[in-house]
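Here are a few short exercises to work through with the model open beside you. Try each task before you read its solution.

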Amino acid sequence: MFTFDNNNAEYGRQLAQDRSYVSLLHNRSFRVANPHGMFSYLFSIPADTEEIILTLTFHSLDAGKQMILRVNDDPKTDKTITVEPYIKNGFFHHDYVLPKEWITNKDMIKLMFLAGEQQGGRLFGIGLYRTLPI
Amino acid sequence: MNYLLKLEPERFLHEMYKVAGLEPPTEEGYQGWERSDRVNFRGHFFGHYISALAQAVDVVSDCETQRMLMDKLHIAIEGIAAAQTNYAIKHPEHCGYVSAFREVALDEVEGRDVSVDQKENVLVPWYCLHKIFAGLIDTHEAVNDRDPVLSSVALDAASATNCLASGFPVLKKTLFSHLTMKCMTSGMASISQSNRLTLPTHQKVSPK
């Protein structure tokens, strides 16, 4: 999911959102949740997938911003994501290996991003890959 | 590799979005053969670029570079799919069409009368379209293992060309001959036999 258009590309992934918006930075689209805002998408899981690596794309300008990742509407899965650039200026990636129980025997996975008291980090890409290196 | 990373798929998508009735993601597209204001090859370079990204992903060993390439590949393929979807919504009788130039350029090749003010100044429109679809098929084949969802989006976008193929004899001779050859290794043959070559699932989204 790399096209944040508030239109067919996002609604094709069943976008749900509250207090979030889309815009561009360096010609690349992003979605960001305002304070107490959220947005989510549904992704299909191909058959026979044993492992998924979630790769999120951020920009170094958002260093220190935080958001919560919630999977399949289950608060027990909540994981705080802090934007921690490993480059000085530009886009970079955070990888997370999703636990098998979240994907095994499932057709879909829902990823929700929630902001806290502050605006979350701008999300420029959500990659779901089956192998490492991606 | 640096050249591939320097180019922006969003700028390649500029003309394609305009044709599809979407707001372009950038203020301007690329010039040179991708330009729209003079004689051009719009879409041709973009197609080669997609193929190059797909092939580079497979050979690069550095993880970060691979991620950046995949980001760009996602943007390109998802952008094409978004343009194709919107075009299908606006022109359901021509669903499947996705290009950086209007269909009138193909009419001209087919010998239909096109007024001077409607001409797109595309030198070889089928050739340009072929490059886009070759890029989609290359992506489908290159990323199927690591990213089957993106691979599927690319294949669906390429497959949707069947929707408009019947009206264009030239298309059958050029574009589909390429696709048919690729079918042997990509699984397109089984898909075409199952009549899946209609509006792809990702195009069934209602416009907002």
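**Exercise 1. Cysteines**

Is B:Cys95 buried or exposed? Work it out for this predicted model, then do likewise for B:Cys128 and look for disulfides.

*Solution.* Start with the cut-off: a residue is called buried under 20% relative accessible area. B:Cys95 has 14% relative accessibility, so it counts as buried. B:Cys128 is at 1%, and therefore counts as buried as well. Next come the sulfur atoms: a disulfide needs a pair of cysteine sulfur atoms within 2.5 Å. Over all chains, the count is 0 disulfides.

**Exercise 2. The fold of chain B**

Describe chain B by its secondary structure, its contacts and its surface.

*Solution.* Begin with the elements: chain B has 10 helices and 0 strands. Read from the N terminus, the order is α-α-α-α-α-α-α-α-α-α. Then turn to burial: of the 208 residues in chain B, 59% are buried. For the contacts, take those between residues at least 6 apart in the sequence of chain B; 65% of them join residues at least 24 apart. Finish with the outside: chain B has an accessible surface of about 9,000 Å², and carbon and sulfur atoms account for 53% of that.

**Exercise 3. Where chain B meets chain A**

How many residues does each chain bring to the contact, and which helix of chain B gives the most?

*Solution.* Count the residues: chain B brings 32 and chain A brings 30. Now the area: about 2,500 Å² is buried between the two chains, with 51% of it from carbon and sulfur atoms. Between chain B and chain A there are 2 salt bridges. One of the pairs to find is A:Asp95 with B:Arg67, whose side chains meet in a salt bridge at 2.0 Å, N to O. Polar contacts between the chains come to 14 residue pairs, both residues at pLDDT 80 or more. On the side of chain B that touches chain A, the elements giving two or more residues are helix 2 (9-20), helix 4 (63-90) and helix 7 (148-159). Helix 4 of chain B gives the most, with 15 residues.

**Exercise 4. A threonine in chain A**

Place A:Thr77 in its element and describe its surroundings.

*Solution.* A:Thr77 lies in strand 5 of chain A, residues 74-82. Its relative accessible area is 9%, so A:Thr77 is buried. Leaving out residues up to four places away in sequence, A:Thr77 touches A:Leu69, A:Arg70, A:Val71 and A:Trp102. With A:Val71 there is a specific pairing to look for: the side chain of A:Thr77 reaches the backbone nitrogen of A:Val71 at 2.8 Å.

How values were computed:
Residues are numbered from 1 along each chain as its sequence is written. Chains are lettered from A and ligands numbered from 1 in the order in which they are written. This is a predicted model: local features need pLDDT of at least 70, side-chain atom pairs count only at pLDDT 80 or more; totals for chains, interfaces and linings use all residues. Side-chain values use heavy atoms; hydrogens and water are left out. Buried means under 20% relative accessible area, exposed over 50%, partly exposed in between (1.4 Å probe, protein chains only). Helices (H or I, at least four residues) and strands (E, at least two) are DSSP runs, numbered from the N terminus. Contact means heavy atoms within 4.5 Å. Accessible areas come from the Shrake-Rupley method with a 1.4 Å probe; for residues, only the protein chains shown count as cover. Buried area is the accessible area (1.4 Å probe) that two parts lose on being put together, summed over both. A salt bridge is a side-chain nitrogen of Lys or Arg within 4 Å of a carboxyl oxygen of Asp or Glu. A polar contact is a pair of N or O atoms within 3.5 Å; within protein, one must be able to donate a hydrogen and the other to accept it, and residues adjacent in sequence count only if both atoms are side-chain atoms.
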